[in-house]
Amino acid sequence: MNKENAWRFALLGIVFVLVGFLILGKMMSFQLDPKNRQQFVEEQERFSGGWHTVYPARGHIMDRWGHLLAGNITMYEVGVNVDQVKNPHTIALTLNVILGLDYAKVREAIENPAEGSVYIVLDDYVSKENLERLKKYKEEIQTTYGGIEGKDAPSLDGLVWVSKLQRTYPEKSLASNILGFVGRDDEGKSKGYFGVEANYDDLLAGLPVTVWVPNDPNRVEKLPNVPEGTSLVLTIDREIQRSMEEVVDAALEETGAKSATIVVLDPKTGEILAMATTPRLDLNKYWNYSNVFKDNTPFNRAISEAYEPGSVYKVLTMAAALDKGVVKPDTEFIDTGKIEVGGAEIYNWNLGVWGPQTMLGCMQHSLNVCLAWTATQLGAKDFYAYMKAFGIGHLTGVDMAGEVAGRLKVPGDTDWYDAELGTNSFGQGVAATPLQMITAISAVANDGKMMYPHIVRSIISNSHQYDTEPRVLSIPISTQTAVTLSDMLAESLEKEASDALVEGYRVAGKTGTGEIPTPYGYTSDVTNTSFVGWGPVDDPRFVVYIWLEKPLTSIWGSEVAAPIFPRIVNKLVVLMNIPPDKVRHQLYGQ
């Protein structure tokens with residue numbers, strides 16, 4: 001080797017040594033720099049596995065006797081691992097035949113996945129029956145063509161599925177307005193909508209757990225058991241609810257009303273025993289919601305639609321007057337058929353003149369003029385103070401999503417006028433929901449105490465049951481006032497020989513006919529008809545509120561709403577095991 005070549009080899013060696021030192025130095029700098037170390041760790045984790053969120057089973061919803069109203073069934077998500085797919089045509093054709101998916105869309109999704117996608121969802125919530133067909137066909141393909149190589153060989157390699165839970169409602173539309181449903185939000189996650197499902201969404205859904213799942217199958221451990229969400233036991237009785245829905249449907253057919261609503265409440269506890277309204281939805285097909293609830297129809301009219309209740313409101317006016325002591329049951333009033341309050345003239349419902357009446361007669365004949373006069377004896381300050389105590393214009397706090405507060409204008413509001421003291425006394429110019437009305441009037445049936453209305457009787461979490469304790473919402477009137485008025489309303493039904501009377505049981509109640517306001521005043525020729533009643537009077541076990549919206553057979557609550565009450569009571573006394581008064585008195589000495 002000559003000197004020139006030796007020099008060149010030496011120089012090349014020096015260059016290699018320097019490059020080696022530079023590489024070594026760079027490696028050491030990467031290892032010693034905390035930022036670089038963290039980056040290496042993150043890259044290692046990214047390629048070695050991934051974080052997986054395990055969602056718990058959603059809690060069940062049952063009626064007060066344990067009958068399942070909302071539960072879960074196993075369904076399946078079908079997709080493909082992109083890098084394992086051998087024949088997109090076979091997969092697309094198979095899913096078209098078995099699951100009814102669009103062949104072209106499935107093949108396009110497999111052959112042109114989004115950049116970086118390693119897994120693609122092709123169908124969601126596949127039934128167990130369809131999945132079994134899919135499994136069987138995949139096995140047949142594997143058995144028949146498993147040994148054949150080539151891109152055109154039939155293959156379902158890459159096709160995978162994973163089980164998941166879907167909400168199911170075994171009673172279909174029963175109590176649907178109470179329950180609500182579980183759908184998916186904008187991000188595709190399960191979410192409760194309306195009613196109990198929405199109000200208790202977080203409790204029912206439970207707490208998801210995020211765990212690390214290695215890609216190495218030898219390192220994969222069993223996913224942790226995640227406690228299921230909280231289950232709920234409702235206050236409603238399935239059979240009472242079913243009966244009330246049957247009554248609602250029959251009332252619609254008989255009267256041609258736009259809608260019908262019935263609420264049954266236990267006045268002593270505030271438990272809602274039934275809440276039936278229209279329309280209703282098969283919750284297993286919740287996607288039909290927009291077809292069923294058209295034109296801003298509320299999901300549950302009992303809590304989400306306020307209306308002018310009409311003469312049932314007179315129960316609250318008379319309760320306030322009796323409690324304040326401005327009238328007594330035998331206080332006399334001369335009805336002239338007209339009274340002026342705040343510059344407005346008020347007339348009776350039939351424009352009649354009824355002459356001398358007691359407060360009992362005023363309630364029996366439902367005289368607007370008499371009740372307006374009674375409100376003037378109270379005065380605006382006391383009248384509206386009592387109405388607030390009864391919860392009018394305020395949310396009841398019921399544990400269902402979607403409750404509205406209605407509207408009670410009071411002195412000081414810019415749109416309140418002196419005349420409204422008179423019109424409000426008989427339920428005109430004030431808006432309340434059926435639940436607000438039954439909650440307020442239940443105080444008369446419960447010795448003056450209004451209980452919080454509630455739909456959940458107990459919750460079950462981690463194998464423990466926690467019962468909901470009844471709570472007093474307000475005490476707007478005294479026990480004596482409640483007993484006196486309850487007896488007055490029972491006597492008024494009896495003297496009137498009302499269609500609301502129930503054979504064998506003494507009941508109290510009041511009809512209501514409310515005009516419907518329009519942009520031009522009370523010009524509509526249709527009405528809202530209502531009835532509220534409770535019994536047995538000496539030991540009330542139920543309060544019932546009935547509302548028929550715009551019935552066609554009659555505009556009067558006494559003719560269309562009141563006759564429904566005995567039908568309901570005759571069902572309730574059987575389902576609640578309430579003997580007739582005479583039998584009960586003999587058995588229990590009441």
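This is a guided tour of a predicted model, with a suggestion at each stop of what to select and a note on what is there.

**Salt bridges**

Start with the charged side chains, since side chains of opposite charge can pair when their charged atoms come close. A search of the whole structure finds 32 salt bridges, and a few of them are worth selecting one by one. Select R58 and E197, which form a salt bridge whose closest N and O atoms are 3.1 Å apart. R58 sits in the loop between strand 1 (49-54) and strand 2 (61-62), whereas E197 belongs to helix 7 (residues 195-199), so this pair ties together parts that are 139 residues apart in sequence. Colour the two residues by accessibility and R58 counts as buried at 9%, while E197 is buried with a relative accessible area of 0%.

Move next to E271 and R457, whose side chains meet in a salt bridge at 3.4 Å, N to O. This pair also links distant parts of the chain, with E271 in the loop between strand 10 and strand 11 and R457 in strand 17 (residues 456-461), 186 residues apart. E271 counts as buried at 9% relative accessibility, but R457, at 29%, counts as partly exposed.

For a salt bridge within a single helix, select E491 and K495, where the closest N and O atoms are 3.3 Å apart. Both residues lie in helix 18, four residues apart, which is about one turn of the helix. An α-helix has 3.6 residues a turn, so residues three or four places apart point the same way. E491 is partly exposed at 26% relative accessibility, and K495 is exposed, with a relative accessible area of 52%. Then add R167 and D201 to the earlier selection of R58 and E197, because salt bridges that share partners join R58, R167, E197 and D201 into one network.

**Aromatic side chains**

Now show the aromatic rings, for which a search of the whole structure finds 17 aromatic pairs. Select F181 and F299, whose ring centres are 6.1 Å apart and whose planes meet at 65°, so the pair is edge-to-face. F181 lies in strand 6 (residues 181-184) and F299 in the loop between helix 10 and helix 11 (301-304), so the pair ties together parts that are 118 residues apart in sequence. Both F181 and F299 are buried.

A second pair to select is F333 and W373, with ring centres 5.1 Å apart and planes at 35°, so this pair is tilted. Here too distant parts of the chain are linked, since F333 is in strand 12 (residues 332-335) and W373 in helix 14 (residues 368-378), 40 residues apart. F333 is buried, with a relative accessible area of 9%.

Returning to F181 and F299, extend the selection to Y193, F194, Y286, W287, Y289 and F293, and the resulting set forms one aromatic cluster.

**Helix 20**

Select residues 564-575, which make up helix 20, a helix of 12 residues that reaches 17 Å from its first C-alpha to its last, close to the 16 Å expected at 1.5 Å a residue. Within helix 20, the residues I564, F565, P566, I568, V569, L572 and V573 are buried. To see what these buried residues pack against, show helix 9 (238-255), strand 10 (259-265), strand 21, strand 22 and helix 19 (557-560). Helix 20 is followed by N577, whose phi is positive, near 55°.

**Backbone details in the loops**

Two peptide bonds deserve a look at the backbone level. A cis peptide bond joins T278 and P279, with omega about -5°, and P279 lies in the loop between strand 11 (272-277) and helix 10 (289-292). Another cis peptide bond joins G535 and P536, with omega about -15°, and P536 is in the loop between strand 21 (527-535) and strand 22 (542-549).

Select D447 next, a residue other than glycine with a positive phi near 55°, found in the loop between helix 17 (434-445) and strand 16 (450-451). A497 likewise has a positive phi of about 55° although it is not a glycine, and A497 is found in the loop between helix 18 (479-496) and strand 20 (508-515). D447 counts as partly exposed at 36% relative accessibility, whereas A497 is exposed, at 55%.

**A surface patch**

Finish on the surface by selecting V118, Y119, V121 and V162, which make a nonpolar patch of about 330 Å². Y119 lies in strand 4 (residues 119-126) and is partly exposed, with a relative accessible area of 31%.

Technical notes:
Residues numbered from 1 in each chain as written. Predicted model: local features only at pLDDT ≥ 70, side-chain atom pairs only at ≥ 80, totals over all residues. Heavy atoms only, no water. Patch = residues over 30% accessible without salt bridge, like charges linked within 9 Å, V, L, I, M, F, W, Y side chains within 5 Å. Areas by Shrake-Rupley, 256 points an atom, 1.4 Å probe, with all protein chains shown as cover. Salt bridge = Lys/Arg side-chain N within 4 Å of Asp/Glu carboxyl O. Helix = DSSP H or I, 4+ residues; strand = E, 2+ residues; numbered from the N terminus. Buried < 20%, exposed > 50% of the residue type's maximum accessible area, 1.4 Å probe, protein only. Expected span 1.5 Å × (residues − 1). Contact = heavy atoms within 4.5 Å. Phe/Tyr/Trp six-rings, centres within 6.5 Å; stacked < 30°, edge-to-face > 60°.
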